[in-house]
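Biologist: I would like a close look at a single part of this model. Please go through it in order and explain each term when it first comes up.

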Amino acid sequence: ELFEKAVEADAEHAHAWQAWGVLEIKAGNYAVARTLLECGLKNCMGHAALWQALAGMEARLGNVAEARKLYRVGMERCTRNVGL
């Protein structure tokens, strides 16, 4: 509920999208997490942690090609981030 209020108040609050998505990943709600992280990326494409969270989840789910694509696009969008 708090995360929802945060992103409603500021759709560009990248940390809120990322934290909410990671919370859903940890709860095993992968479809919800995917939706949240994708929404975060639509609003904050330059936030490396969103790309990393989504790509990492896809890799853990066995969607290796999708994970590679996400890491590649994330590196293109976040050229100053060495974490990707």
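Modeller: What follows is a walk along one helix, its aromatic rings and a few residues elsewhere in the chain.

The model is predicted, and local features need a pLDDT of at least 70, side-chain atom pairs count only at pLDDT 80 or more, while totals for chains, interfaces and linings use all residues. Residues are numbered from 1 along each chain as its sequence is written, and side-chain values use heavy atoms, with hydrogens and water left out. The pLDDT is the predictor's confidence in each residue, from 0 to 100. The protein averages 94 on this scale, and 96% of the residues score at least 70. Confidence is lowest in helix 1, with a mean of 94, and highest in helix 3, at 98.

The part to look at is helix 2. Helices (H or I, at least four residues) and strands (E, at least two) are DSSP runs, numbered from the N terminus. Helix 2 covers residues 14-26, which makes 13 residues. The expected span of a helix is 1.5 Å times one less than its number of residues. For helix 2 that gives 18 Å, and its end C-alpha atoms are 18 Å apart, so the two agree. After the helix comes Gly28, with a positive phi near 85°.

Next, which residues of helix 2 are buried? Buried means under 20% relative accessible area, exposed means over 50%, and partly exposed lies in between (1.4 Å probe, protein chains only). The buried residues of helix 2 are Ala14, Ala16, Trp17, Trp20, Gly21, Glu24 and Ile25. They pack against helix 1 (2-9), helix 3 (30-43) and helix 4 (48-60), where contact means heavy atoms within 4.5 Å.

Two of these buried residues carry aromatic rings that belong to pairs. Rings of Phe, Tyr and Trp (its six-membered ring) pair if their centres lie within 6.5 Å; planes under 30 degrees apart count as stacked, over 60 as edge-to-face and the rest as tilted. There are two aromatic pairs in the structure. In one, the ring centres of Phe3 and Trp20 are 6.3 Å apart and the planes meet at 15°, so this pair is stacked. Because Phe3 is in helix 1 and Trp20 in helix 2, the pair ties together parts that are 17 residues apart in sequence. Phe3 is partly exposed, at 28% relative accessible area, whereas Trp20 has 16% and counts as buried. In the other pair, Trp17 and Trp20 have ring centres 6.4 Å apart and planes at 20°, so it is stacked too. Trp17 and Trp20 both lie in helix 2, three residues apart, about one turn of the helix. An α-helix has 3.6 residues a turn, so residues three or four places apart point the same way. Phe3, Trp17 and Trp20 together form one aromatic cluster.

The start of the helix has a neighbour in a loop. His47 sits in the loop between helix 3 and helix 4 and is buried, at 15% relative accessible area. Leaving aside residues up to four places away in sequence, His47 touches Ala14, His15, Leu41 and Cys78.

That leads to the cysteines. A disulfide is a pair of cysteine sulfur atoms within 2.5 Å, and the structure holds zero disulfides. The sulfur of Cys44 has its closest cysteine sulfur, in Cys39, 10 Å away, which is too far for a bond. For Cys78, the nearest cysteine sulfur is that of Cys44, 11 Å away. Cys44 is buried at 10% relative accessibility, and Cys78 is buried at 6%.
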